[in-house]
Amino acid sequence: MANWPDWLPIKNALRANKIYGAPQLQDVVKLNTNENPYPLPESVVTELTSEIASIATSLNRYPDRDAVKLRSALANYLSSEHVTTENVWTANGSNEILQQVFLAYASSSCIGLSPSYSVHPLIAQITGSEWDSLPLKKDFTIDLNALLKRIQETSPSLIFITSPNNPTGGVVEYNDLKKIAEYIKGRSTLLIVDEAYAEFSSEKSAIELIEDYPQVAVVRTMSKAFAFAGARVGYLVADSNIISGLKIVRLPYHLSAVTQAAALVALKNVKLMQSEIQIIVAERIRLREEMTKLGLRVMESGANFLFFTGFQPKSQELWQSILDRGILIRDVGIEGYLRVTIGTPDENEQFLDSLKTSLR
Ligand SMILES: *Cc1c(COP(=O)(O)O)cnc(C)c1O
């Protein structure tokens, strides 16, 4: 609990909060925040620089409030026949999208699964929304019957499902999402599917549900597969009615002209920007095998990270010992488990070495 000065009129609901965020350390191999380890291709950097230069003279004007060009480019990228510009909404990272969703639609309690992305309950709290958390099964898969029962009991306004899930990496099958979508028909409820890691998974996207189930909305980001986390671009794919509500709560001109221009350049170069996905997926498979050989139990993952257990030391001790060897991974606060982001092959070797020494 933080020690707020008496003169600070901090809201009671926030008084006990700690400031969220993974440690940002210098001079370490960063395998803690699921970023894509590959820098932007040289040619994209050049194009980006000249594009920003060309819009710089008009930065005295506000940007396109509705980011139409960018939304159109995103719709094009998704190449789903049902998705048009009207079905796409963008913001500064998918976290801002999530905040807008809470601001507009958390009209009764919201349900999420646990463990999952900790920012969902965090935004629920800071927006004054009621959060109800339902545990995943022991093997970290979804307990569908328990979820449907809870929906029946509490009539939530929002249901959050992350697939591939963070921090476990587990993928929820398309057909299970479809069952939930079917179940909420006729209720005043939205199913929000957070697909931040979709491009690393071979499962069919929930975007395909939107045509038949307008209560489903899919949250995506350019931070992970696009290797564009620093630009802060996230988006939502949904029925246009859902987007209308978000336009009410978004701040005027929320997405800067610089961000919009940068994202358009990235989308023009999708192939280049995403050329490392296959390497990352291959490395994920290799790293999982190597870690299993060390006696660890590593969850199957559809994302760019691995969640593992089966070690003797406390999570915090193993995390520290790996950090002492220059590798920063993530302790997500679940005792007995740690999460590691897939890095470059070289970084992954360094991680394996540090792991071997630390477990000895
Ligand atoms: C990383 C992550 C995000 C946030 O991404 P930004 O677009 O960078 O805000 C959203 N959801 C999940 C599950 C994530 O892991």
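# Briefing: helix packing and sheets

The crossing of α1 and α8 is right-handed. The structure is a predicted model. Its seven-stranded sheet is open, with mixed pairing, and its three-stranded sheet is open, with antiparallel pairing. The points below take the helix pairs, two single residues and the two sheets in turn.

**Helices α1 and α8**

- Helix α8 covers residues 257-268, and its axis lies 9 Å from that of α1, at an angle of about 145 degrees.
- On the α1 side, the contact is made by V44, E47, L48, E51, I52 and I55. These residues meet A257, V258, A261, A262, V265 and K268 in α8.
- Sorted by type, the residues of the contact of α1 with α8 are nine nonpolar, no polar and three charged.

**Residue E51**

- E51 sits in helix α1, which spans residues 42-56.
- Its relative accessible area is 30%, so E51 is partly exposed.
- With neighbours within four places in sequence left aside, E51 is in contact with A261 and V265.
- From E51 to I334 the separation is 283 residues in sequence and 44 Å in space, taken from C-alpha to C-alpha.

**Helices α3 and α4**

- Helix α3 (residues 93-105) packs with helix α4 (residues 119-126) at an angle of about 45 degrees, and their axes are 10 Å apart.
- α3 and α4 are therefore oblique to each other.
- The crossing of this pair, α3 and α4, is right-handed.
- From α3, the residues N95, L98, Q99 and F102 take part, and they meet V119, H120, I123, A124 and I126 in α4.
- The contact of α3 with α4 consists of six nonpolar residues, three polar and no charged.

**Residue D176**

- D176 is placed in helix α6, residues 174-183.
- Its relative accessibility is 17%, and D176 therefore counts as buried.
- Not counting residues up to four places away in sequence, D176 touches I142 and L144.

**The seven-stranded sheet**

- The strand order in this open sheet is β2-β8-β7-β6-β5-β3-β4, and the pairing is mixed.
- The edge strands are β2 (88-91) and β4 (131-135); each has a single partner strand, so one side of each is without a neighbour in the sheet.
- On average, neighbouring strands of this sheet are turned by 25 degrees against each other, direction ignored.
- β4 pairs with strand β3 (residues 110-114) in the parallel sense, over five bridges. G112 has S133 in β4 as its bridge partner.
- Helix α5 (residues 144-154) packs on the sheet and touches β3, β4 and β5 (158-162). The direction of α5 makes about 155 degrees with that of β4.
- Helix α2 (residues 68-78) lies across β2, β7 (216-221) and β8 (234-237), and α2 runs at about 120 degrees to β2.

**The three-stranded sheet**

- Strands β9, β10 and β12 form this open sheet in the order β9-β10-β12, with antiparallel pairing.
- β9 (297-298) and β12 (338-341) are at the edges with a single partner strand each, so one side of each has no neighbour in the sheet.
- Two bridges join β9 to strand β10 (residues 305-309) in the antiparallel sense. R297 has T309 in β10 as its bridge partner.
- Helix α10 (residues 277-293) lies across β9, β10 and β12, and α10 runs at about 15 degrees to β10.

Terms used:
Residues are numbered from 1 along each chain as its sequence is written. This is a predicted model: local features need pLDDT of at least 70, side-chain atom pairs count only at pLDDT 80 or more; totals for chains, interfaces and linings use all residues. Side-chain values use heavy atoms; hydrogens and water are left out. Axes are lines fitted to C-alpha atoms, for helices over the stretch in contact, and angles run from 0 to 180 degrees between N-to-C directions. Helices (H or I, at least four residues) and strands (E, at least two) are DSSP runs, numbered from the N terminus. Angles under 35 degrees count as roughly parallel, over 145 as roughly antiparallel, 65 to 115 as roughly perpendicular and the rest as oblique. A crossing is left-handed if the near helix is turned anticlockwise from the far one by less than a right angle, and right-handed if clockwise. Contact means heavy atoms within 4.5 Å. Ala, Val, Leu, Ile, Met, Phe, Trp, Tyr, Cys and Pro count as nonpolar, Asp, Glu, Lys and Arg as charged, and the others, Gly among them, as polar. Buried means under 20% relative accessible area, exposed over 50%, partly exposed in between (1.4 Å probe, protein chains only). Two strands pair if DSSP finds at least two bridges between them.
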